[in-house]
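This briefing describes how the strands and helices of one protein model are arranged. Please look through the sequence and the structure before reading on.

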Amino acid sequence: MKTVVIGLLGSVMDKRGKGVKRWETWRPTVGIFMQEDLLVDRMELIHDQRDTRLANNVGADIATVSPDTEVRLTELNFTDAWDFEHVYSTLLDFAESYPFRPDEERYLLHITTGSHVAQICWFLLCEANYIPAEILQTSPARGEQRAAGRCQTIDLDLSKYDVISSRFRNQHLEGTAFLKSGIATRNPTFNAMIQQIEKVAIRSTAPLLITGPTGAGKSQLARRIFELKQKRSLIRGDFVAVNCATIRGDGAMSALFGHTRGAFTGAQQARRGLLAKADKGLLFLDEVGELGLDEQAMLLHAIEEKRYYPVGSDSPCESDFQLIAGTNRDLHAQVAQGTFREDLLARINLWSYQLPGLKDRREDIEPNLDYELQKAETQMGHKVSFNKAARTRFLAFALSPAAGWRGNFRDLNAAVQRMTTLADGGRINEQHVIDEIDRLNRQWPRPATNQAPNIELSDYLSAATLEEIDQLDQWQLLKIIAVCRQSRSLSEAGRTLFDRSRTRKRSNNDSHRLRQILAKYELSFEDLVDRK
């Protein structure tokens, strides 16, 4: 495997010494090739047009001390070597156009030369894996090695770096931010709910009931609550999670409460059960509404008494567990239907929280998109991102009423995974977004289109007022009234009507904008809804 060094010409340090005295002075670039234990097959020497002569002289000196090394001079012109954005973009262009062959060549990135800005940019590009190289750092030395100096290679082990970064982030995430996995959510109702859950998680051991549609994040929130309790030394046992939909039937009782040997046909060995594993820990029962009535009765007893009977046993077992129950069903409706015990619902409903679906938290789509991109970077081991046009297009779709988000955050996660996988170099472009939007539209069944109700402005406005309103404004007002009548809230109507402009605003107050328009005609959303 060939060894290739990539580095910037040091316009000051590589220029030290004149004539034969230059061989007595440490010059960072030339010194690389004076190392006895480092054999370099090719040098990619990047220089500014103003330093072409110096680059040729340094190339000639490299050939003198290392005749077998091929020296390639590459001209990159920095208009301002201290402009971070400009320097980073210029070096990124070089990295993206360079034909790296990591299976055939080993790359060393020399970061000793160049401005401090350039050195930082080199490091960032290497850390993000735009340049698949080890860092090469050189420094002056004394004695016989004075001219050669010293060399040190630094292998950026990204997996270790990720662990350090993750630990650093986790140590600084407390309370609410911790429960949200550090996502800067913007929905005020959701944020207020998470703040209350944080207090309950820290101050109470009572059961929690988390409801919401599939994919809304119930399982992730349950695990974060456990981790927060563990972080505060409020819990000593394990996190035990089970989807009750997967243990329905004869095996449910055994799975939850365990059984003795010989309790039933096939029970050749005793089984502890999930409640035993959750002792001193937290038990998360997802889709708790799927449990049968017998399992519900046993669960209620275990919650209240901290004791239960394994199948086939006359001796009770003890388990002091904390409980979080999750469901996408209406448990009150199940109680009315006789499929869920009212006393169990009363016991687990002390703290109940409804997680909204993604379509009801559209202002949180952008921060969650960034969170999914960060997860994709960790999984793929390199930088992933949208270009500006692609990000704008995806968010415009994601925030519009056309995006149903039937699978909620699972849909968003899947969309990001697909786009990042297909994106060359981890850069998502507009075509990737167009293809993904088409895929999502095919995946989501279209809701039945409702015929717009027949609306007469005369039902809402006086004849005198209508006489003063232009025809164009009347058409617009008809549309506004129709949307309001078909919406569940003023906010939902505002999101529908301002679906384009809201994506360009830093903060969205769709309700206020719509309320002002209606007030112009002495109308209110409540009046329109009441006249359905």
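In what order do the six strands of the open sheet with mixed pairing stand? The order is β3-β2-β1-β4-β5-β6. The model is a predicted one. It also holds an open sheet of five strands, in which the pairing is parallel. The points below take the two sheets in turn, each followed by helices described with it, and end with a further helix pair.

**The six-strand sheet**

- The pairing in this open sheet is mixed, and its edges are formed by β3 (70-75) and β6, each of which pairs on one side only.
- On average, neighbouring strands here are turned by 25° against each other, with direction ignored.
- Strand β4 (residues 105-110) runs parallel to strand β5 (residues 134-139), and three bridges link the two.
- Two residue pairs can be picked out between these strands: L109 lies opposite I135 of β5, and H110 has L136 of β5 as its bridge partner.
- On joining strand β6 (residues 150-154), β5 pairs in the antiparallel sense, over five bridges.
- In that antiparallel pair, T138 faces C151 of β6.
- As general background, the strands of a sheet are paired through backbone hydrogen bonds, in either a parallel or an antiparallel manner.

**Helices α3 and α4**

- Helix α4 (residues 116-127) belongs to a β-α-β unit with β4 and β5, and this unit is right-handed.
- Helix α3 (residues 84-97) packs with α4: their axes come within 9 Å and cross at roughly 45°.
- The two helices α3 and α4 are therefore oblique to each other.
- The crossing of α3 with α4 is right-handed.
- On the α3 side, the contact is made by F84, V87, Y88, L91, L92 and F94, while α4 supplies V117, A118, I120, C121, W122, L124 and L125.
- By class, this contact of α3 with α4 consists of 13 nonpolar residues, with no polar and no charged ones.

**The five-strand sheet**

- The strands of this open sheet follow the order β8-β9-β12-β7-β13.
- Its edge strands are β8 (239-243) and β13 (351-354), and each of them pairs on one side only.
- Neighbouring strands of this sheet are turned by 15° against each other on average, direction ignored.
- Within the sheet, strand β9 (residues 282-286) and strand β12 (residues 322-327) are joined by four bridges in the parallel sense.
- One facing pair there is L285 with A325, the latter in β12.

**Helices α7 and α8**

- Helix α7 (residues 188-203) lies across two strands, β7 (208-211) and β13, and runs at about 155° to β13.
- Helix α7 also packs with helix α8 (residues 218-231), at an angle of about 45° and with the axes 10 Å apart.
- That angle makes α7 oblique to α8.
- As α7 passes α8, the crossing is right-handed.
- The residues of α7 in this contact are I194, I197, E198, A201 and I202, and they meet L221, I225, L228 and K229 of α8.
- The contact of α7 with α8 divides into seven nonpolar, no polar and two charged residues.

**Helices α14 and α15**

- Helix α14 (residues 365-380) and helix α15 (residues 388-398) have axes that come within 11 Å and cross at roughly 125°.
- The helices α14 and α15 are therefore oblique to each other.
- The handedness of the crossing of α14 and α15 is right-handed.
- From α14, the residues I365, E366, L369, D370 and L373 meet R391, F394, L395 and A398 of α15.
- Six nonpolar and three charged residues make up the contact of α14 with α15, and no polar ones take part.

Note on methods
Residues numbered from 1 in each chain as written. Predicted model: local features only at pLDDT ≥ 70, side-chain atom pairs only at ≥ 80, totals over all residues. Heavy atoms only, no water. Pairing = 2+ DSSP bridges. Axes fitted to C-alpha atoms, helices over the stretch in contact; angles between N-to-C directions. Contact = heavy atoms within 4.5 Å. Parallel < 35°, antiparallel > 145°, perpendicular 65-115°, else oblique. Left-handed = near helix turned anticlockwise from the far one by under 90°. Nonpolar A, V, L, I, M, F, W, Y, C, P; charged D, E, K, R; others polar. Right-handed = clockwise from strand over helix to strand, strands pointing away.
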